[in-house]
Amino acid sequence: MPLPPVTMPGLHWKMKKSLSRSTLRDHKGFSGIDLKCEMVSQDALRRTIFPLGGLTKSFVKKIAAENRLHHVLQKKESMGICFVGKRNFEHFILQYLQPRPGKFVSVEDNKVLGTHKGWFLYTLGQRAKISGMREPWFVVEKDSAKGDVLVAPRTDHPALYRDLLRTGRVHWIAEEPPAALIRDKMMECHFRFRHQMALVPCVLTLNQDGTVWVTAVTAVRALAPGQFAVFYKGDECLGSGKILRLGPSAYTLHKGRSRASTVPDGPHRAP
């Protein structure tokens with residue numbers, strides 16, 4: 001028995017006056033499908049139909065059960081680096097890359113807390129496994145030149161939070177770039193860089209080379225270069241840009257303000 005045909009809403013393509021198409025955020029229950037489609041070209045979008053557009057994951061599984069598609073029901077969710085599977089991530093990576101030993105260094109006092117086998121084994125925001133440390137420490141920065149991994153205590157440490165980033169040239173889906181951004185050079189919207197994370201209100205500032213500065217209304221945890229910032233206006237997915245640079249962390253800004261407040265006034269004050 002064939003599956004019933006389904007058209008548009010949900011994750012779907014809507015027609016514009018210019019005959020371009022844009023993507024809308026997926027229905028609750030799907031794992032950030034729009035995050036996987038934000039780099040698709042207009043040429044491809046004009047020839048694309050997503051027949052599951054208006055359905056939630058639970059309803060798709062119900063259809064599969066009614067049609068005895070057991071392999072669909074039994075398929076596990078795709079999470080993280082799916083091709084690694086249940087293997088230890090560190091062991092897997094070290095099969096392809098030579099170990100590059102380095103130090104875990106406290107971001108607060110530059111104290112060496114332990115050693116690791118390579119800075120490339122760690123992602124910003126993840127818990128660092130430091131031998132002999134009973135309390136959890138979390139990765140806030142990586143120094144590839146020195147091989148150091150900077151860590152901070154507590155999962156909510158201010159060194160993990162930033163509110164400014166710059167992307168590479170943005171891939172816009174329907175408009176290149178949006179008319180409001182061209183007109184005002186700034187635009188309010190939302191963004192995210194991981195699937196299933198809440199959308200973050202932000203302001204985009206357009207640069208002449210097509211890149212954008214993204215200023216988040218509230219500081220965001222564990223932003224990382226190399227990830228993609230995906231932009232939304234309402235339900236519409238506007239496009240995305242690869243994160244190239246990060247602004248200072250909330251911890252760095254606080255330290256800077258603290259130092260500035262201790263500088264004495266008068267003719268001998270340093271610039």
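Select Arg 166 and Arg 245 to begin: Arg 245, in strand S14, is the bridge partner of Arg 166. The model is predicted, so local features are reported only at pLDDT of at least 70 and side-chain atom pairs only at pLDDT 80 or more, while totals for chains, interfaces and linings use all residues. Residues are numbered from 1 along each chain as its sequence is written, and side-chain values use heavy atoms, with hydrogens and water left out.

**Strand S8 and its two partners**

Extend the selection to the whole of strand S14, residues 236-246, which runs antiparallel to S8 and is joined to S8 by three bridges. Helices (H or I, at least four residues) and strands (E, at least two) are DSSP runs, numbered from the N terminus; two strands pair if DSSP finds at least two bridges between them. Now add strand S12, residues 212-221: five bridges join S12 to S8 (residues 161-167), again in the antiparallel sense. Arg 166 has a bridge partner here as well, namely Trp 213.

**The loop before S14**

Next, select Asp 235, which is found in the loop between strand S13 (228-233) and S14. Is Asp 235 buried or exposed, or partly exposed? Its relative accessible area is 45%, which makes Asp 235 partly exposed; buried means under 20% relative accessible area, exposed over 50%, and partly exposed in between (1.4 Å probe, protein chains only). Display His 190 together with Asp 235: the two are 45 residues apart in sequence, and their C-alpha atoms are 10.0 Å apart in space.

**The nonpolar cores**

Select Trp 172, Phe 191, Leu 204, Val 214, Val 220 and Phe 231, which touch the most other members of the largest nonpolar core, a set of 22 residues. Such a core is a set of buried Ala, Val, Leu, Ile, Met, Phe, Trp, Tyr and Cys residues joined through side-chain atoms within 4.5 Å. Two or more residues of this core come from each of strand S10 (186-192), strand S11 (200-206), S12, S13 and S14. Another core, of 15 residues, lies apart from the largest one; Ile 93, Phe 120, Leu 121 and Val 149 are among its members.

**Two cysteines**

Show the side chains of Cys 189 and Cys 202. How many disulfides does the structure hold? There are zero, a disulfide being a pair of cysteine sulfur atoms within 2.5 Å. Cys 189 is in no disulfide, and the nearest cysteine sulfur, that of Cys 202, is 3.7 Å away. Cys 189 is buried at a relative accessible area of 4%, and Cys 202 also counts as buried, at 2%.

**The five-stranded open sheet**

Turn to the open sheet of five strands, whose order is S4-S3-S7-S6-S5 and whose pairing is mixed. S4 and S5 are the edge strands, each pairing on one side only. Within this sheet, select S3 and strand S7 (residues 148-153), which pair in the parallel sense over three bridges. Ser 106 has Val 151 of S7 as its bridge partner.

**An aromatic pair**

The whole structure contains four aromatic pairs. Rings of Phe, Tyr and Trp (its six-membered ring) pair if their centres lie within 6.5 Å; planes under 30 degrees apart count as stacked, over 60 as edge-to-face and the rest as tilted. Select Phe 104 and Tyr 122: the ring centres are 5.4 Å apart and the planes lie at 80 degrees, so this pair is edge-to-face. The pair links distant parts of the chain, 18 residues apart, with Phe 104 in strand S3 (residues 102-106) and Tyr 122 in the loop between strand S4 (112-116) and strand S5 (127-128). Phe 104 counts as buried at 0% relative accessibility, and Tyr 122 is buried at 8%.

**Helix H3**

Finally, select helix H3, residues 57-66, whose buried residues are Val 60, Ile 63 and Ala 64. Seen down the axis of H3, these residues fall within an arc of 100 degrees, so they line one face of the helix; the arc is that of the directions from the helix axis to the C-beta atoms. Ser 58 and Glu 66, on the other side of H3, are exposed. Helix H4 (70-74) is included in what covers the buried residues of H3. Just after H3, Arg 68 takes a positive phi of about 60 degrees.

**The whole chain**

Zoom out to the full model, which comprises seven helices and 14 strands. Of its 271 residues, 39% count as buried.

Key:
Contact means heavy atoms within 4.5 Å.
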